[in-house]
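Visitor: I should like to be guided through this structure by means of questions and answers. May we begin?

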Amino acid sequence: MNRIFKNTVRAGVIALITSVSLGSCSDTWDDHYESLSGLTYDGSLLGYLQDNPDLSDFVEVVKASGFDKDLASNQVLTVIAPKNGSFDKQYYLNLIQNGRKKEVIDEFIKNHICRYNISMGAEEQTVTMMNKKNVKLGTISEGTIEEENVDKMNVSCSNGVVHVIDGYLPYQYNIYEFLAKDWRDNYTPAEPLPALDENGEAVEVELPPYETLYGYLSEMYVDSLDEPRSVSRGVDENGDQIWVDSVVISNNKILRRLDAYLYREDSTYITLLPDFDAYNRRFQGIKGLFNFNVSYNSDQAVRDSVQRYWAHYYSLCDLSYNMGQHQNIHTQDSLFSTAFSRWSWPYNVYYNPYEEEGIMSSVYETIDCSNGQVCRVHEYPFDVYTNVFKKITLEGESRYYIYEDGENQFTNKTSTSYNTVANAADTISGSGYLHVVPAQSSRQTELTFQLPNTLSGQYDIYIKFLPYQVYAPEDTEHTNLPIRFRCSLYERNANNGAFPAYNRATVDFYSNPEKKERNFQTDPNCIDSLYIGTYKFNYCYLNTTPGVLFKIQSNVTSGVAKQFTKEMLIDKIVLIPNRERHDDDGLYTPESD
């Protein structure tokens, strides 16, 4: 069928020319008229492409993918058509032949097509293509699209507009897509090791599971169809809806928790990408910190799955930085990871990142993506104590952590009274402290704290006490009296998840282990941070009901009542990971290589 071409000027274009001509000379008028004029094609977008010999390569790929039906439909689209020779046609045809049609549609065809009539005009504009990538259309006078020369512009068809360009629009991966491509192109699964059995016969020995960054991200990725925003063209022979264009809502459960939406185009990120071996080494090194017991779930398979999740979560933690957040902080001075919150400070923040030994100083390759940059590093630029196995601090004024049960086994209100005291002194942690007093003068004071988010690792435990003069500087009766107390720890039972009985602590701490001396004593004349002891937690209680109780109990008998006080001013309790123990255990850190 012969097609008819005719010169046309749209009503909107005429209005623009008229406004320009009011202040221009006649040859300026002619320039604008020539540049704004276009062609009208009497047929569909597909028809125009097929009738243009310079576009036969593009048409062949479009037909091989099955997308030609969309270009012949009544959808209103704009096509930026690449001319023959500007791209490798056979590459895309081979992908389709090998079952990767969706990849060709998403990364090549939809990268050249957008919705609605989008004509080039007097101003630059950014349009969103069907694959959600943004493309810059230059002005008519510039005659470029993404710096590619436009051979024909504003060709009007029955169902849209065509612009013909001399080059093509390379697909720019977002960070998530790059991670997928890098994994697909470069990761080679390890093969079983050859070995001999007890009879000397050759056997294959399976290697321990090798964990990769994108390998786990892909498991956490869930797509859902947004039907109200998708376009349908009826149903097929089975009654199933045929979607002409599907609007997909992407969601990655672990990246969402990290607030790192690397698959979206509306934010800009910097993502550190460790080498495959480095990531697996970090995962295997921290996995043992997430050993959950039956108090979490009685099913071992569930506990193993949760262990794997948290090991991946913390292997990913602090690898991504949203450059749209914390704009008041210059990126040369500090980087806030997507895991940062005001409650996590000082963690998840890295200062002077581009200076020597900063987290960006070891980057050996930078890849530009549509929503930021991927920065390759051979090893993690921070150790596990910086973003995984971290110090736990319980502020005394936070009464939330005081544990009470129905039988008053651990914190007995009949013997102990407590209240929080606000104090903003520089030497006092947080905004105050906890004041503990005996409810009856004959009773000992005792408080039991829940220790939150402990990992299955070894911690050194400290208590910071304040001298009584902080509370009552004029009270000389108490000012010079030290506190004498004992400490015990209770961890949930491995079999039934219950705490041991009140008088059966998991461990009692000793001020002098050799002499079996249980009493600790403060210095009443200073702020005193006392080392209580070291404990290896058997299980992890991350984001669960606390599984560890820590009891502080005064021990002032009548015989020493005038030498010690039962009152306590507790500033904070601190658990610090024991580095020496875990370095010996093989917990991975870059320094241990």
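The following conversation concerns a predicted model.

Visitor: Which residues of helix H7 are buried?
Guide: Helix H7 spans residues 101-109. A residue counts as buried when its relative accessible area is under 20%. By that criterion, the buried residues of H7 are Glu103, Val104, Ile105, Glu107, Phe108 and Ile109.

Visitor: What covers the buried residues of H7?
Guide: The cover includes both helices and strands. Among the strands are E3 (77-82) and E4 (113-115). The helices included are H4 (56-65), H6 (89-97) and H8 (175-186).

Visitor: In which order do the strands of the open sheet of 4 strands stand?
Guide: The pairing in this sheet is mixed. Strand E17 (320-322) and strand E20 (365-369) each have a single partner strand, so they stand at the edges, and one side of each is left without a neighbour in the sheet. On average, neighbouring strands of this sheet are turned by 15° against each other, direction ignored. The order is E17-E16-E21-E20.

Visitor: In what sense do strands E16 and E21 pair, parallel or antiparallel?
Guide: Strands of a sheet pair through backbone hydrogen bonds, either parallel or antiparallel. Strand E16 covers residues 269-274 and strand E21 covers residues 372-377. One bridge joins proline 274 to valine 377 in E21. Over 6 bridges, the sense of the pairing between E16 and E21 is parallel.

Visitor: At about what angle does H8 run to E21?
Guide: Helix H8, which is also part of the cover of H7, lies across E16, E20 and E21. Its angle to E21 is about 40°.

Visitor: How many residues of strand E24 are buried?
Guide: Strand E24 comprises residues 432-438 and is mostly covered. E24 pairs with strand E23 (residues 416-422) in the antiparallel sense over 7 bridges, and 3 bridges join E24 to strand E32 (residues 568-577), also antiparallel. Within these pairings, serine 417 has valine 437 as its bridge partner, and valine 436 stands opposite methionine 568. Of the 7 residues of E24, the number buried is 6.

Visitor: Which strand supplies the largest share of the lining of the second largest pocket?
Guide: This pocket has a volume of about 1,300 Å³ and is lined by 36 residues, with Trp343, Ser344, Lys390, Lys391 and Asn453 nearest its centre. By class, the lining has 23 nonpolar, 9 polar and 4 charged residues. Helix H12 (300-316) and strand E22 (392-395) each supply at least two lining residues. The largest share, 4 residues, comes from E22.

Notes: Residues numbered from 1 in each chain as written. Predicted model: local features only at pLDDT ≥ 70, side-chain atom pairs only at ≥ 80, totals over all residues. Heavy atoms only, no water. Buried < 20%, exposed > 50% of the residue type's maximum accessible area, 1.4 Å probe, protein only. Contact = heavy atoms within 4.5 Å. 1 Å grid on protein atoms, 1.4 Å probe; cavity = no way out; pocket = protein on both sides within 12 Å on 5 of 7 lines; lining within 4 Å. Points joined across faces, edges and corners; volume = space filled by probe spheres on them. Nonpolar A, V, L, I, M, F, W, Y, C, P; charged D, E, K, R; others polar. Pairing = 2+ DSSP bridges. Axes fitted to C-alpha atoms, helices over the stretch in contact; angles between N-to-C directions.
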